[in-house]
Amino acid sequence: MENLIFICGHRKCGTTMFSDLFNGHPKLSVFPTDLSIFYGYYPVYTDGKFSIEEQLERLENVIFLNLKRVFKKEILNLEDVVNQALMKEYFYEKIDKTRLSEINHILEIMLKAFHVSINHDINDYDWLVLKETSLEIYAIELNKFYPNAKFLHLIRDPRDNYASLKSGSDKHYKLFGEDEKHSLFSMINRYHLGFKIIKSNIDVIGKENYKVVKYEDLCNNTESVMANISTFLGIEYSDILLTPTILGKETKGNNYEGENFNTVNAFNVDRWKERINDDEAKII
């Protein structure tokens with residue numbers, strides 16, 4: 001399990017749509033949601049302070065309950081594409097309980113369990129495509145585990161990114177105790193870190209394995225960008241890379257304004273002037 005593609009970037013910068021573009025290519029297998037095990041499990045639950053029972057309970061939450069949370073029936077019925085009972089059975093049978101602090105072991109078993117659950121052979125693919133918010137923070141550590149891995153770091157105009165976050169404040173983020181000001185300053189801090197870390201990641205990992213992609217370019221010149229990425233990955237370009245899907249099923253996107261897009265769309269590019277106020281724009 002050496003050939004991994006990690007898609008990273010700030011939340012609501014378009015990484016979900018981006019990762020869904022890779023689904024359906026015969027050389028690629030795409031895990032259908034955020035991995036979650038990095039921001040939800042690692043490194044806190046790998047530092048030796050938690051019991052095996054606590055670690056397993058946390059993994060149940062960030063892997064299996066997360067799948068249920070993400071796949072709402074109005075977007076995609078989970079059971080239509082993933083046999084979750086089979087995935088859980090395989091995962092808990094194969095996981096080594098003495099290695100619950102080894103994130104690479106957990107990732108390997110999780111991905112094998114996922115492929116069993118969709119009745120696919122993990123070895124049939126040249127690349128496994130994985131996405132997680134802010135994964136660029138751990139890119140150098142991941143490169144040590146997987147020296148052949150490729151990283152696609154998606155960046156977006158932070159004003160548009162905040163506009164997307166703000167649109168979901170009442171419907172989503174406030175439910176978790178995060179108001180608009182928290183979203184604003186969290187985004188600024190994460191974007192600052194994310195932009196700074198690009199240079200160090202490229203210096204260590206190399207341009208041949210670490211590529212920055214602009215959301216605006218992806219939306220406005222999708223075919224050109226995806227053709228360039230195909231060359232970067234060493235796979236044959238296909239028009240299937242132009243339409244986002246999840247395990248062969250059409251996806252409607254995950255915006256909070258009720259707009260259902262089943263293609264790459266530049267609708268929210270450079271719309272921050274309409275969606276946020278002048279003070280927020282100036283702060284960003």
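Ala, Val, Leu, Ile, Met, Phe, Trp, Tyr, Cys and Pro are counted here as nonpolar, Asp, Glu, Lys and Arg as charged, and the others, Gly among them, as polar. The structure is a predicted model, in which local features need pLDDT of at least 70 and side-chain atom pairs count only at pLDDT 80 or more, while totals for chains, interfaces and linings use all residues. Residues are numbered from 1 along each chain as its sequence is written, and side-chain values use heavy atoms, with hydrogens and water left out.

A good place to start is strand β1, residues 4–8. Strands (E, at least two residues) and helices (H or I, at least four) are DSSP runs, numbered from the N terminus. Five of the five residues of β1 are buried, where buried means under 20% relative accessible area, exposed over 50%, and partly exposed in between (1.4 Å probe, protein chains only). Leu4, Phe6 and Cys8 point one way from the strand, and Ile5 and Ile7 point the other way. Two strands are said to pair if DSSP finds at least two bridges between them. With β3 (residues 127–131), β1 pairs in the parallel sense over four bridges, and Ile7 has Lys131 as its bridge partner there. Strand β4 (residues 150–155) also runs parallel to β1 and is joined to it by four bridges; in this case Phe6 is partnered with Phe151.

Phe6 leads on to the nonpolar cores. A nonpolar core is a set of buried Ala, Val, Leu, Ile, Met, Phe, Trp, Tyr and Cys residues joined through side-chain atoms within 4.5 Å. The largest core has 47 residues, of which Phe6, Ile37, Met87, Leu107 and Met110 touch the most other members. Its largest share, eight residues, is supplied by helix α5 (residues 103–117). Contact is taken as heavy atoms within 4.5 Å. When neighbours within four places in sequence are set aside, Met110 is in contact with Phe31, Leu35, Ile37, Ile63, Met87 and Phe91. Apart from this core lies another, of 35 residues, including Leu165, Tyr191, Tyr215 and Cys219. As a general point, nonpolar side chains in soluble globular proteins tend to be buried together.

Leu165 also belongs to helix α7 (residues 158–167), where Asp160, Asn161, Tyr162, Ala163, Ser164 and Leu165 are buried. Among the elements covering the buried residues of α7 are α8 (180–205), α11 (272–275) and α12 (278–283).

Empty space was examined next. On a 1 Å grid over the protein atoms alone, a cavity is a set of points where a 1.4 Å probe fits but cannot get out, and a pocket is an open set with protein on both sides within 12 Å along at least five of seven lines; lining residues have an atom within 4 Å of a point. Grid points are joined across faces, edges and corners, and a volume is the space filled by probe spheres set on the points. Three cavities of 30 Å³ or more are found in the whole structure, and the largest has a volume of about 60 Å³. Its lining consists of Gly9, His10, Ser134, Glu136, His153, Leu154, Ile155, Arg190, Tyr191, Gly194 and Phe195. By class, these residues are four nonpolar, five polar and two charged. Both β4 and α8 supply at least two of the lining residues, and the largest share, four residues, comes from α8.

The second largest pocket holds about 200 Å³ of space. Of the 13 residues that line this pocket, Asn23, Ile118, His120, Tyr125 and Leu247 lie nearest its centre. Its lining has seven nonpolar, six polar and no charged residues.

Leu247 brings the description to the backbone and the loops. This residue lies in the loop between β6 (245–246) and β7 (249–250), and its phi is near 50°, a positive value in a residue other than glycine. Leu247 counts as partly exposed because its relative accessibility is 22%. A positive phi, near 60°, is also found for Asp270, again a residue other than glycine. Asp270 sits in the loop between β7 and α11 and, at 47% relative accessibility, is partly exposed. A cis peptide bond, with omega about 5°, joins Tyr42 and Pro43; Pro43 is in the loop between α2 (37–40) and α3 (52–70).

Asn221 is placed in the loop between α9 (215–220) and α10 (222–233). With 44% relative accessibility, Asn221 is partly exposed. Asn221 and Val264 are 43 residues apart in sequence and 9.7 Å apart in space, C-alpha to C-alpha.
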